[in-house]
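Let's walk through this structure together, one helix at a time and then chain by chain. Have a look at the sequence and the model first.

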2 protein chains.
Amino acid sequence: MSSSSERARMPSIRDVARLAGVSHQTVSRVLNEHPSIRPETKERVLDAIRVLDYRPNVAARALATSRSNTLGILSATTGEFGPTSSIAAIEDAARAERYAISTLNLPDTTPEAIGHAVRQLVRESVDGIVVLAPQVRVFNVLRGLAVSVPFVSLQTASGSDGISHSADQVAGARMITEYLIRLGHSDILHLAGPQDWIEAESRMRGYLDAMRDADLSTIPPIRGDWTADFGYFAGQELARRRDFTAVFAANDLMAIGLMHGFRDAGMRIPADISVVGFDDVPVAAHVAPPLTTVHQDFSELGRRAVQILLAQIRGDSAPVFGPVVPVLCGRESAASR
Amino acid sequence: MSSSSERARMPSIRDVARLAGVSHQTVSRVLNEHPSIRPETKERVLDAIRVLDYRPNVAARALATSRSNTLGILSATTGEFGPTSSIAAIEDAARAERYAISTLNLPDTTPEAIGHAVRQLVRESVDGIVVLAPQVRVFNVLRGLAVSVPFVSLQTASGSDGISHSADQVAGARMITEYLIRLGHSDILHLAGPQDWIEAESRMRGYLDAMRDADLSTIPPIRGDWTADFGYFAGQELARRRDFTAVFAANDLMAIGLMHGFRDAGMRIPADISVVGFDDVPVAAHVAPPLTTVHQDFSELGRRAVQILLAQIRGDSAPVFGPVVPVLCGRESAASR
DNA sequence: AGCATCCATGTGACCGTGCACATCGAGGAG
DNA sequence: CTCCTCGATGTGCACGGTCACATGGATGCT
């Protein structure tokens, strides 16, 4: 069902030239849409291309131009909902601009691994790299790396400095915290993400800002690892404590696990305790009780990243985007006190 | 922060040769681990490579060999948990074998789009393609396409014919249906996946086989679209009916939505009705009640696909794998009658 | 000793493009 | 009428590897 052995030689630009009765360079000009080609000649060449079913050889082109029409995606994530959605959007946006995509997942976030990965992509002569590096460390390493190709970093610090772009996590976290406060909660616990993660920090910052502005004292946050399992165990533990009436989990998975843990400990949600999450994963609306959370447009983020990167590559001025504003999804897991 | 304009010329194989005092061909031999190289010479060359921080140019190599050391991933999915997990595993496995990855998502599943996508990947001279084509149609188009490079298809018909590989969906579906039967249910409804999907068909087959072997009559299945939202609306509708005591949803998302719909209609799970799903997504264990489902090792599947494909590319005999056996996860959403 | 063989290495062509430069005819300015 | 410019096209080489073949020396066999 395959013919890997004797692959017939594909027609080259010279074959097309011969058939069309022109020089190979003229064919090249037609392919690259050079203005100074007589329409009649162009037509002859296009016919020849059609007849031979000619396709330009990307490797040869990459060799000659030292550009590959390929964008690299460097991902330090492990299948979380957000990054995954963004990646899909990046792929589609890049393909729409006739760029191929080369994906590379970081095995770990050591500086060595990052450096190795970047060099690998450069070696593949990608024209630009989109980095999904939610961890502070990765971001810093990249800054210091003086990467020799343009790159854009997604899901990073909200202080967008031209090479990074993200949704306004701080605003989203602040929004949902203020929502809890409006519901009458004053003792709100934050179940945060891992220390090193930029999103974890941003969301915690939003929480802290909201609490401070409302003159409420905060409880020391718990550090989680984004997983539902962690949320579950945390819920069982936390059920013993009585120093809070609401929990803001830094992502939906932990929130869902948390509700499970609370439930197993005999607590009712939201009657005994309110729980909110962040991300609005597809099941969030359907768990029991439906989870109040913050929706983010990860796809839009991915599309923007590609636009920013392409502008850099082409030497255009960077497109200006407004912030990606998260949207509050009030559902039933949080109730007024 | 970038230097797209004046990219310094990278050191070439000839630069290395000059520094090491050998011919460029000797350098090439070292790079390709040719046996007939004096250890001492090899060392000198490797030193030169290190000094210059030389990296082979993949485009040049691809041009010369007409192989790109790149695997294409052709995906017709939209972020479902299973395929996403498999893709990540494929990427990692391929990278581990020193293959780069080029991803291409199908915008739709028309024969034209599929043909275009395959040609695009071939044009990028990928050495092989892993197809994630859960739809029957895509699979058939591919069969007829006489693709000129080796390819492996994942998540397809269980009758593995050497170019496709998948978990034994039929067995998994049969397993969970039999589980329901053992719990005392005899009126079991199946909430199936979309018509065209291979997995939907396999899971329905498993269900039908189990029912037939147990001499139980079946209720005409409902066709869903894999989403939790569909499950929710289906649940609200189905709550009126009383001709079944258990529902087997073809995936977890629909099962979770279904439970939500039933709940809203005032039914208790599993007291009034049992619900089971398929896939074991990460939240399945934490919804209320925890969902009884079937776990599949999508990552293993991805890894195997790469092995099969590489064997084809290298002309080795195809590796023999036992079936990927799904595992039943008995939790609380299904109870004995 | 003579010759075949093999090891270690070098030489030049070639893969399919794009780029810089050359060429040639037509048309406009002086 | 001549010169210059510009449009349309051709020529040769560079890009950075690999491949087929050549070379020269050491070794083994008769």
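Pro39(A), Glu40(A), Arg50(A) and Val51(A) are exposed, and they sit on the face of H3(A) that is turned away from its buried side. Keep in mind that you are looking at a predicted model. Now turn to the other side of this helix: Val45(A), Ala48(A) and Ile49(A) are its buried residues. Looking down the axis of H3(A), you will find these buried residues within an arc of 100°, so they line one face of the helix. And what lies over them? The cover for the buried residues of H3(A) includes two helices of chain A, H1 (13-20) and H2 (24-31).

Next, follow helix H3 of chain A from end to end. Its 14 residues, 39-52, reach 20 Å from the first C-alpha to the last, close to the 20 Å expected at 1.5 Å a residue. Just after H3(A) comes Asp53(A), with a positive phi of about 55°.

It helps to set this helix against the annotation. An unreviewed UniProt entry lists residues 12-55 of chain A as "domain: HTH cro/C1-type". In the model, that span is 68% helix and 0% strand, and its end C-alpha atoms lie 8 Å apart.

Finally, bring in the second chain. How can chain B be laid on chain A? A turn of 180° with a shift of 0.2 Å along the axis does it, with an RMSD of 0.3 Å. This is the relation of a two-fold axis. As for the interface, 100% of the interface residues of chain B are also interface residues in chain A, so the copies meet through the same surface.

Definitions and conventions:
Residues numbered from 1 in each chain as written. Chains lettered and ligands numbered in written order. Predicted model: local features only at pLDDT ≥ 70, side-chain atom pairs only at ≥ 80, totals over all residues. Helix = DSSP H or I, 4+ residues; strand = E, 2+ residues; numbered from the N terminus. Expected span 1.5 Å × (residues − 1). Buried ≥ 20, exposed ≤ 12 C-beta atoms within 10 Å, placed from the backbone. Arc of directions from axis to C-beta. Contact = placed C-beta atoms within 7 Å. Least-squares fit on C-alpha atoms with pLDDT ≥ 70 in both. UniProt positions renumbered as here; feature names shortened; annotations may be inferred.
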